[in-house]
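Welcome! Please take a moment to look over the sequence and turn the model around before reading on.

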Amino acid sequence: QAERAGDIVKNLLDFSRTERPAFSALPPGEVVRSTLALLRNQIMLSGVSLESDAPEGLPALRGNLRNLQQVFMNLLLNAMQATPPGGRIRFSVAAEGREYVRFEVRDTGKGMEPETLQHIFEPFYTTKEVGRGTGLGLAVTYAIVKRHGGRIEVQSEPGQGSVFFVHIPQAQPGSEP
């Protein structure tokens, strides 16, 4: 219980934080690989298969590795919780034109109703039972993506799973780290 309260306080602090973290040019594949390494045990225990696709040679993005790991950990953990054992999650990244790098977290979970989709990025909104979620994960995720100059979108239908698209600006050649 105390650990859960600590998580809530940490999420509140992350959500309210206004300073800009240090940004640098990051290879998108490193963001994918390092995030998956942090979640290796949860993935194995979930009974869900996870596939990743992070091709070499993608343009670097401009961001903070720790913050982006938090974004994708939130999205992947939510996907694992929404996907029954035997289901699939795909975490991929691709260049999007000359401006963005697009990350995608796609699951074969239960999906969401349109009414739910309208509120998922609001602080304290949760569809999880009491004691299972704070309603801050996606609000923090949204805030971090915005702080990176990016955007996040979601598509979902009940019974059809969900897909989150995270667009992060590419690092521009010659720009400061």
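How many residues lie between strand 6 and strand 7 in their hairpin? There are 3 residues between these two strands, and Gly159 in the turn has a positive phi of about 80°. We will come back to this hairpin shortly, after a look at the whole.

What you see is a predicted model. The mean pLDDT of the protein chain is 84, and 79% of its residues reach 70 or more. Confidence varies from element to element: helix 1 (residues 2-16) has the lowest mean pLDDT, 55, while strand 5 has the highest, 97. Where pLDDT is low, predicted coordinates should not be read in detail. For helix 1, keep that mean of 55 in mind as you look.

The protein chain holds 5 helices and 7 strands. Starting at the N terminus, you can follow the elements in the order α-β-α-β-β-α-β-β-α-α-β-β. Of the 177 residues in the chain, 40% are buried. Much of the contact network bridges long stretches of sequence: among contacts between residues at least 6 apart in sequence, 73% join residues at least 24 apart.

Now find the sheet. It is an open one, built from 5 strands in the order 2-4-5-7-6, and its pairing is mixed. Strand 2 (49-53) and strand 6 (151-157) stand at the edges; each has a single partner strand, so one side of each is left without a neighbour in the sheet. On average, neighbouring strands are turned by 15° against each other, direction ignored. In general, the strands of a sheet pair through backbone hydrogen bonds, either parallel or antiparallel.

Back to the hairpin at one edge of the sheet. Strand 6 pairs with strand 7 (residues 161-169) in the antiparallel sense, over 7 bridges. You can trace this pairing residue by residue: Ile152 stands opposite Val166 in strand 7, and Glu153 stands opposite Phe165 in strand 7. In a regular strand, side chains alternate between the two faces of the sheet.

Which helices meet these strands? Helix 5 (residues 137-147) lies across strand 6 and strand 7, running at about 140° to strand 6. Its buried residues are Leu138, Ala139, Val140, Thr141, Ile144, Val145 and Arg147. Helix 5 is followed by Gly149, whose phi is positive, near 80°. Strand 6 and strand 7 pair over 7 bridges, while helix 2 (residues 28-46) packs on the sheet by touching strand 2, strand 4 (88-96) and strand 5 (100-107). The direction of helix 2 makes about 170° with that of strand 4.

Next, turn to the aromatic rings. A search of the whole structure finds 3 aromatic pairs. One of them joins Phe72 and Phe91 in a tilted arrangement, 5.3 Å centre to centre, with 40° between the planes. This pair links distant parts of the chain, since Phe72 belongs to helix 3 (residues 65-82) and Phe91 to strand 4, 19 residues apart. Are these two rings buried or exposed? Phe72 has 0% relative accessibility and therefore counts as buried, and Phe91, at 0% too, also counts as buried.

Phe72 has a further partner. The rings of Phe72 and Phe103 have their centres 4.6 Å apart and their planes at 40°, so this pair is tilted. Here again distant parts of the chain are linked, with Phe72 in helix 3 and Phe103 in strand 5, 31 residues apart. Phe103 is buried, as Phe72 is. Ring pairs thus link Phe72, Phe91 and Phe103 into a cluster. Elsewhere a ring meets a charge: the charged end of Arg151 sits over the ring of Tyr100, 5.2 Å from its centre.

Finally, look for Lys110, in the loop between strand 5 and helix 4 (114-117). Why does Lys110 count as exposed? Its relative accessible area is 58%, and the cut-off for exposed is over 50%. Leaving aside residues up to four places away in sequence, Lys110 touches Ala82, Glu157, Pro158, Gly159, Gln160 and Gly161. One of these contacts brings us back to where we began, as Gly159 lies in the turn of the hairpin. The C-alpha atoms of Lys110 and Gly161 are separated by 5.3 Å, although the two residues are 51 apart along the chain.

Note on methods
Residues numbered from 1 in each chain as written. Heavy atoms only, no water. Pairing = 2+ DSSP bridges. Helix = DSSP H or I, 4+ residues; strand = E, 2+ residues; numbered from the N terminus. Axes fitted to C-alpha atoms, helices over the stretch in contact; angles between N-to-C directions. Contact = heavy atoms within 4.5 Å. Buried < 20%, exposed > 50% of the residue type's maximum accessible area, 1.4 Å probe, protein only. pLDDT = per-residue confidence, 0-100. Phe/Tyr/Trp six-rings, centres within 6.5 Å; stacked < 30°, edge-to-face > 60°. Lys NZ or Arg CZ within 6 Å of the ring centre and 35° of its normal.
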